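Student: Could you take me through one part of this model in detail? I would like a close look at a single helix and what flanks it.

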Amino acid sequence: MKDQPDLKLLSTFMAVVNGGSMAEAAAALRYVPSAVSQHIAALERDMGVELLVRRPGSRLILTAAGRSLVQAAQTLFEATARFQDAARGISNGEIAELRVGAYPSAVSHLLPGVLSALQGRDRGARIRLVIVETHEGLPRVTSGDLDLLIAYRYLPEDPPMPSSEWVTTSLGFEPLVLVAGARPGRRPPELAECLEMGWTSGHTQNPDRRLLHRWAGELGISPDVTLETEDLHSMLAMIRAGLAVGLIPVTLLGEDTGRPAVQRVALPPGSGPLHREVLAVSRPGTRPSLINELVSLLVEAVGGVSSQGP
């Protein structure tokens, strides 16, 4: 017996079973009757068993082996039909699951509204979220582990740079705001006052730390960074406690609605606005329609954030 029956022979067998005779099967398949008979004989040889009892002048009768093969063939052809439907959907950009990586504050502040809007459209595909920083997510896009990465870039020379390994789409710019602990009843602190305090930022080679140093150099100041962390929420907690000042993405300040715990520092005239660019990163080639919808919604979300800037 062959490991797998010939699907053409199996299709002929099912036509005979459904039609009840070789002649009916031949008419349905547009074969000559002798071809149908040859197909059944070849299938029986491949299977090593008799499938049909042929009696002149009467309908064909299935053997026990034939009845078992009918059940197995029905399961096979139903699965094949489902596969063909799925394959057509995939070729039309339909997917069952989309793996999206995003940095932590994007997950907590940008994506909830975006995913809620997508859910209302009943796209059918499941979105699996992975919290990952930009530098860790880029190799996972290249390897295929992530279908889309929501990334940030503090400085123009930072990754993700143009590459044959991925495609980047700018979603907009998220303002960065210099904030200090709130001082109820008092005016917002000025930059000169902040220089006497400790500052919080990322580690020495982190993008936000390098941006801070570049910005400070342009202003001719030297902030004293006393708390180094990659966790923006930790930075904000120290600032709220009045223990530090720092540059915080404006999205995180929305958490203070109804309980102002930080104040924006008054910057000197001529001090340009600071921001980080938000990007979508995917592999080259045709993107599933769900990715395009997600990117469009993210552009709207980031645009709303940009309006909160100074």
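Tutor: Happy to: here is a walk along helix α3 and its two ends, with a little on the rest of the chain. Keep in mind that this is a predicted model.

Let's start just ahead of the helix. The loop between α2 (22–29) and α3 holds R30. Its backbone is worth a look, since R30 has a positive phi of about 60° without being a glycine. Most residues other than glycine have a negative phi. R30 counts as exposed because its relative accessibility is 78%, and the cut-off for exposed is over 50%.

Now the helix itself. α3 covers residues 33–47, and at 1.5 Å a residue its 15 residues should span 21 Å; the C-alpha atoms at its ends are 21 Å apart, so the two agree. Which residues of α3 are buried? They are A35, V36, H39, I40, A42, L43, E44, D46 and M47. When you read that list, remember that an α-helix has 3.6 residues a turn, so residues three or four places apart point the same way.

Right after α3 comes G48, with a positive phi near 80°.

For the setting, the protein chain has 12 helices and 11 strands, and 42% of its 310 residues count as buried. Of the contacts with a separation of 6 or more, 74% link residues 24 or more positions apart. The chain exposes about 16300 Å², with carbon and sulfur atoms supplying 53% of that area.

One more backbone detail lies elsewhere: P159 and P160 are joined by a cis peptide bond, with omega about 5°. P160 sits in the loop between β5 (148–153) and β6 (167–181).

Technical notes:
Residues are numbered from 1 along each chain as its sequence is written. This is a predicted model: local features need pLDDT of at least 70, side-chain atom pairs count only at pLDDT 80 or more; totals for chains, interfaces and linings use all residues. Side-chain values use heavy atoms; hydrogens and water are left out. Helices (H or I, at least four residues) and strands (E, at least two) are DSSP runs, numbered from the N terminus. The expected span of a helix is 1.5 Å times one less than its number of residues. Buried means under 20% relative accessible area, exposed over 50%, partly exposed in between (1.4 Å probe, protein chains only). Contact means heavy atoms within 4.5 Å. Accessible areas come from the Shrake-Rupley method with a 1.4 Å probe; for residues, only the protein chains shown count as cover.
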